[in-house]
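Reader: I would like a close look at a single part of this model, with enough of the surroundings to place it. Please keep the account plain.

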Amino acid sequence: MVNKKAPRWQQIYAIPGMLIFGTATVVTQKFLFEQKANGIPKYGYHEFRKPWFQTDTMFMGMTLSLLAYLVLGRKDSNEVNAVGDSVHVQKTGPKWKLYLYSALPAICDLSATGLMNIQLLYIQASVWQMLRGSMVIFSSIFCAFILKRPHFPYMWWSILGVVIALAIVGCSSVCASGAGKEGVSQGKTIMAIFLTICAQLIQATQLVIEDYILHDLETHPLQLVGLKGFWGFVFCSSIVLPIVQNVDSTEGNGVHEDIIDTFHMMGDSPILLAFVILYIFFILFYNIGGMLVIN
């Protein structure tokens with residue numbers, strides 16, 4: 001729910017911004033996967049099937065949330081401090097813990113996002129987006145039984161409705177010929193659906209970790225997103241990309257990914273480069289909208 005005490009522009013932007021830019025990120029991802037350009041001579045002219053690079057650019061966009069925090073977050077903090085303790089009591093805790101502990105949910109985010117982006121190579125974006133709703137199921141279960149948050153009967157009935165809807169989507173996707181991309185076997189489509197749901201389990205775990213280790217630390221949502229983006233970018237750039245660079249497999253299957261080829265392709269296609277930059281800013285605006293909704 002949007003904070004009614006927030007400035008008018010924030011109330012207007014929050015929900016439409018989250019929905020519009022959330023959709024824009026998925027559409028842009030799929031568009032990028034289907035673009036073709038000249039890479040290094042070894043691969044020639046081929047599709048930009050770079051799920052791990054897209055994961056890295058997602059973290060770039062999240063890191064930019066730190067700039068938004070400098071503008072919006074500090075203003076919010078000043079307003080809270082001006083009101084006084086009777087309205088809000090800020091959490092305490094050393095800053096180094098916030099900076100260090102935010103690396104743990106970033107690892108979960110990196111694992112889940114990378115896994116999801118690979119599956120987007122094999123199933124349609126619409127099916128992929130609907131399957132992401134399974135995180136509601138896992139996060140509700142974790143909140144109820146691990147974090148001990150109260151859940152009322154109508155909430156469980158709602159979750160049951162989500163389960164039924166996802167079962168229908170999954171079954172119809174497997175049965176329909178248009179669920180997977182052209183040339184993708186039914187077995188790969190089923191595997192992609194299963195791994196997309198597994199990725200939501202990882203993201204639900206991320207929510208529990210964030211609540212548990214960051215509960216008593218003072219932070220603004222935009223600051224937390226930015227710190228997770230920073231750690232995710234560091235881990236993806238320094239660990240994941242070098243690993244997939246050296247894996248002996250076929251380029252473009254989500255396992256092997258040549259980063260040198262990636263930059264050659266962006267240099268060859270201005271459209272490709274432009275949409276990579278757009279994707280980074282779509283991620284930024286999506287996160288700002290999401291944080292305004294829950295803040």
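At what angle do the axes of helix α5 and helix α10 cross, and within what distance do they come?

Author: The model is predicted. In it, the axes of α5, residues 103-119, and α10, residues 221-246, cross at roughly 60° and come within 8 Å. Angles from 65 to 115 degrees would count as roughly perpendicular and those under 35 degrees as roughly parallel; α5 and α10 are therefore oblique to each other. Their crossing is right-handed. On the α5 side, the contact is made by A103, P105, A106, I107 and L110. The α10 side contributes K228, W231, G232, F235, C236 and V240. Sorted by character, the residues of this contact comprise 9 nonpolar, 1 polar and 1 charged.

As for the setting, the protein has 12 helices and 2 strands. Read from the N terminus, the order of elements is one helix, then the two strands, then helices to the end. Of its 295 residues, 45% count as buried. The protein exposes about 15200 Å², and 70% of that area is supplied by carbon and sulfur atoms. Among contacts with a separation of 6 or more, 79% are between residues 24 or more positions apart.

One example of two residues far apart in sequence involves the loop that follows α10. E251 lies in that loop, between α10 and α11 (259-268). E251 and H46 are 205 residues apart in sequence, yet their C-alpha atoms are 9.8 Å apart in space. With neighbours within four places in sequence left aside, E251 is in contact with Y43, H46 and K50, and also with H256, E257, D258 and D261. Is E251 buried or exposed? Its relative accessibility is 16%, and the cut-off for buried is under 20%, so E251 counts as buried.

Another loop residue, K148, can be set beside E251. K148 is placed in the loop between α7 (135-145) and α8 (153-175). Its phi is near 60°, a positive value in a residue other than glycine. The relative accessible area of K148 is 63%, and exposed means over 50%, so K148 is exposed.

To return to the part asked about, α5 and α10 meet obliquely, in a right-handed crossing, through a contact whose residues include 9 nonpolar ones.

Notes:
Residues numbered from 1 in each chain as written. Predicted model: local features only at pLDDT ≥ 70, side-chain atom pairs only at ≥ 80, totals over all residues. Heavy atoms only, no water. Axes fitted to C-alpha atoms, helices over the stretch in contact; angles between N-to-C directions. Helix = DSSP H or I, 4+ residues; strand = E, 2+ residues; numbered from the N terminus. Parallel < 35°, antiparallel > 145°, perpendicular 65-115°, else oblique. Left-handed = near helix turned anticlockwise from the far one by under 90°. Contact = heavy atoms within 4.5 Å. Nonpolar A, V, L, I, M, F, W, Y, C, P; charged D, E, K, R; others polar. Buried < 20%, exposed > 50% of the residue type's maximum accessible area, 1.4 Å probe, protein only. Areas by Shrake-Rupley, 256 points an atom, 1.4 Å probe, with all protein chains shown as cover.
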